[in-house]
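This briefing covers ligand surroundings, a metal site and a few backbone details. Please read it alongside the structure shown here.

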Amino acid sequence: MGTVTDPGVTSQAGAQPAPLTGGQVAEARAPEMTDGFHLVIDALKLNGIDTIFGLPGIPITDLTRKAQAAGVRVISFRHEQNAGYAASIAGFMTQKPGICLTVSAPGFLNGLTALANATTNCFPMILISGSSEREVVDLQQGDYEEMDQLAIARPLAKAAFRVLNAEDIGVGVARAIRAAVSGRPGGVYLDLPAKLFPQTIEAEAGKKSLIKVVDPAPRQIPAGDAVQRALELLKSSKRPLIVLGKGAAYAQADADIRAFIEKTGIPYLPMSMAKGLLPDTHPQCASAARSFVLPEADVVLLIGARLNWLLSHGKGKTWGAKSSKDWGGQKFIQVDISPTEADSNVRIDAPVVGDIGSCVSALLAGIGSHRAKPPAEWLNAIAERKAKNVAKMAETLAKNPSPMTFHSALNVVRDIVKANPDAILVNEGANALDFTRSIVDMYKPRKRLDVGTWGVMGVGMGYSVAAAVVSGEPVIAVEGDSAFGFSGMEVETICRYNLPVCVVIMNNNGVYRGSEVNPAGGPDPSPLVFVKDARYEKMMEAFGGVGAHVATPVELRKAMEEAIRSRRPTLINALIDEDAGTESGRITNLNPTAKKK
Ligand code: ADP
Ligand code: TPW
Ligand code: MG
């Protein structure tokens with residue numbers, strides 16, 4: 001058997017043949033070989049994938065080692081779920097599938113939540129898991145970490161594949177990449193059984209078996225009549241509104257989106273991860289008048305935003321209807337890459353199916369240069385609402401109560417983000433999420449990463465690690481104390497890779513509020529509260545990072561400024577009034593409570 005080497009570095013081209021000794025003749029005849037490990041790495045590298053987020057163990061330990069040796073950045077986590085969230089948000093930020101690598105059964109399952117979350121959020125990601133022996137798994141003979149992973153992943157992934165033979169690795173990786181990024185992006189599962197990795201094939205054949213995917217996310221040009229229909233509807237509108245979703249942020253069509261909004265003069269509302277696509281301070285931004293524009297608008301153009309729960313399903317009181325099931329009377333234009341998204345909740349009068357870049361550029365071309373602005377009456381009404389709400393908010397933010405409230409603390413975060421518009425803001429929690437979203441303005445696209453479509457807790461540190469690794473920019477993670485707990489151990493990862501992450505914990509001693517008590521009066525605390533005055537900052541100090549314990553806005557500002565300046569891993573434990581929050585934050589209405597007292 002020949003030596004196993006990276007087929008990428010075995011080229012003999014240009015070398016001068018020297019006379020061979022007897023032993024060298026035998027060696028020269030044996031073909032160069034490669035194996036499953038190298039083929040997986042070569043296939044990923046060939047497709048421009050330069051980073052893997054994962055956690056080693058049987059059977060992928062050597063894969064992590066060899067990937068690092070081959071120049072791939074391997075970011076090793078303390079729990080697979082966080083590696084998975086990191087991969088998914090890297091996918092969102094870069095339009096390349098984020099790779100999460102896990103061991104079999106339990107490691108796979110730990111990564112699976114993140115894969116399902118990626119699919120739900122339309123983030124491109126590939127979960128690559130090692131798996132146990134097919135023969136043993138399928139006969140349920142009790143293999144080490146036995147599990148039929150492919151079957152389990154399939155309903156939660158956009159696509160799921162297994163590769164059994166080394167010569168199929170190229171195809172498997174190519175299919176996974178295409179499935180993740182083409183059309184509506186999503187999470188893809190790639191099952192690699194342990195036996196695949198040491199399989200050897202001739203290096204030359206291996207090299208030929210790899211596929212460099214051409215045009216992985218082909219543009220989808222919208223139909224001309226669909227664009228025309230949308231523009232006519234928009235033209236007929238007296239009170240138009242544009243809603244930007246995270247699909248619009250993902251699409252990286254920033255300049256055209258801005259041009260379209262500015263040329264039409266239509267007010268717009270960014271969904272949380274679309275904040276900053278245009279600066280939140282833009283005169284056409286209607287965020288501060290959200291509860292006015294949604295019910296009042298007559299035609300709504302959705303760009304990369306679904307009419308799911310986050311938009312009250314496009315109906316009900318939010319949209320000006322009398323009751324929760326009723327239609328508010330709006331006509332909708334929906335720009336989306338998924339042809340089945342339209343009509344999912346209410347009628348879409350003008351679906352425009354295609355990729356957002358192509359759709360917005362077609363819309364832009366269609367309006368030409370002489371587009372009338374929306375009626376002044378509409379714009380003035382919005383401006384009036386905005387001014388009133390902004391003034392009210394400014395008053396609240398200027399207060400300096402003791403203990404600190406979400407508002408007085410977030411007023412500081414707001415200033416720091418304004419002064420550092422390239423920094424990435426990661427955000428999770430309930431009150432810690434909702435207040436941050438409404439108080440902290442974003443200035444650039446794809447700088448706000450949060451709990452997304454599921455409102456999932458636990459994305460914080462995984463997103464922070466990926467954001468820092470992918471962008472090199474400082475990361476500010478505003479975390480509820482409960483939210484932080486889901487991924488808190490990754491502060492070690494942040495320290496290990498020396499990432500410029502500043503975690504700010506909005507510490508109100510619990511879920512929603514720290515003041516809850518056990519209704520039965522027993523010694524156990526309420527299910528909603530934690531150890532009082534927990535010193536989270538010591539977790540960061542334990543691994544060599546900087547910890548700060550702050551009780552006032554002045555202290556918070558100083559600690560945040562220092563974190564941004566030094567780029568050192570920092571955790572700021574910000575003490576927030578236990579009673580400042582509300583149950584479930586802004587979504588109290590979704591929370592069923594017991595009728596019987
Ligand atoms: P938000 O939560 O911000 O409202 P959603 O996740 O509900 O956003 O919606 C995102 C939408 O964007 C999805 O329906 C998805 O199909 C769509 N989408 C994602 N990427 C693109 C793209 N490149 N072109 C067109 N539509 C896209
Ligand atoms: C995976 C339910 C929503 S918000 C939240 C939980 C547990 C924590 C709120 O407390 P926190 O914020 O973070 O301290 P604050 O400022 O209001 O005190 N498990 C998962 N996801 C969700 N969404 C939950 C539980 C939840
Ligand atoms: Mg809390």
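Helices α17 (431–439) and α19 each supply at least two residues of the shell around ligand 2. The largest share of that shell, three residues, comes from α19. The model is predicted, and the values below are computed from it.

**Ligand 2**

- In total, 17 residues surround ligand 2, and the closest are N431, G455, D481, A483 and N508.
- By class, the shell around ligand 2 divides into nine nonpolar residues, seven polar residues and one charged residue.
- A polar backbone atom of A432 is 3.0 Å from an oxygen atom of ligand 2.
- A backbone N or O atom of S482 also pairs with an oxygen atom of ligand 2, at 2.9 Å.
- For M457, the partner of the backbone N or O atom is a nitrogen atom of ligand 2, and the distance is 3.1 Å.
- On its own, ligand 2 has 590 Å² of accessible area, of which the protein covers 75%.

**Magnesium ion (ligand 3)**

- Which protein atoms are donors of the magnesium ion (ligand 3)? They are OD of D481, OD1 of N508 and O of G510, lying 2.0 to 2.1 Å from the ion.
- Written as a sequence pattern, the spacing of these donor residues is D-x26-N-x1-G.
- D481 belongs to helix α19 (residues 481–485) and G510 to the loop between β17 (501–507) and α21 (537–542), so this pair ties together parts that are 29 residues apart in sequence.
- Both D481 and G510 are buried.
- D481 and N508 appear in two lists: they are among the closest residues to ligand 2, and they are among the protein donors of the magnesium ion (ligand 3).

**Ligand 1**

- The surroundings of ligand 1 hold 20 residues, of which R184, K246, R306, D336 and I356 come nearest.
- Helix α11 (residues 246–250) provides the largest share of the shell around ligand 1, with three residues.
- The shell around ligand 1 consists of nine nonpolar, six polar and five charged residues.
- An N or O atom in the side chain of D336 is 2.5 Å from an oxygen atom of ligand 1.
- K246 places a backbone N or O atom 2.7 Å from an oxygen atom of ligand 1.
- At I337, a backbone N or O atom lies 3.1 Å from a nitrogen atom of ligand 1.
- The protein buries 96% of the 580 Å² that ligand 1 exposes when taken alone.

**Arginine 134**

- R134 is located in helix α6 (residues 134–138).
- Is R134 buried or exposed? Its relative accessibility is 12%, and because buried means under 20%, R134 counts as buried.
- Leaving out residues up to four places away in sequence, R134 touches D148, R162 and L164.

**Cis peptide bonds**

- I58 and P59 are joined by a cis peptide bond, with omega near 5 degrees.
- P59 sits in the loop between β2 (51–54) and α3 (61–69).
- Another cis peptide bond joins S402 and P403, with omega about -5 degrees.
- P403 sits in the loop between α15 (376–398) and α16 (406–419).

**Positive phi outside glycine**

- Although H313 is not a glycine, its phi is positive, at about 60 degrees.
- H313 is part of the loop between β11 (299–303) and β12 (331–336).
- H313 has a relative accessible area of 33%, so it is partly exposed, falling between the 20% limit for buried and the 50% limit for exposed.
- S584, a residue other than glycine, also has a positive phi, near 60 degrees.
- S584 is in the segment after β19 (570–575).
- The relative accessibility of S584 is 8%, so S584 counts as buried.

How values were computed: Residues are numbered from 1 along each chain as its sequence is written. Chains are lettered from A and ligands numbered from 1 in the order in which they are written. This is a predicted model: local features need pLDDT of at least 70, side-chain atom pairs count only at pLDDT 80 or more; totals for chains, interfaces and linings use all residues. Side-chain values use heavy atoms; hydrogens and water are left out. A residue is near a molecule or strand if one of its heavy atoms lies within 4 Å of it. A polar contact is a pair of N or O atoms within 3.5 Å; within protein, one must be able to donate a hydrogen and the other to accept it, and residues adjacent in sequence count only if both atoms are side-chain atoms. Accessible areas come from the Shrake-Rupley method with a 1.4 Å probe; for residues, only the protein chains shown count as cover. Helices (H or I, at least four residues) and strands (E, at least two) are DSSP runs, numbered from the N terminus. Ala, Val, Leu, Ile, Met, Phe, Trp, Tyr, Cys and Pro count as nonpolar, Asp, Glu, Lys and Arg as charged, and the others, Gly among them, as polar. Donors are N, O and S atoms within 2.8 Å of the metal (3.2 Å for Na, K and Ca); water is not among the atoms, so sites may look incomplete. Buried means under 20% relative accessible area, exposed over 50%, partly exposed in between (1.4 Å probe, protein chains only). Contact means heavy atoms within 4.5 Å.
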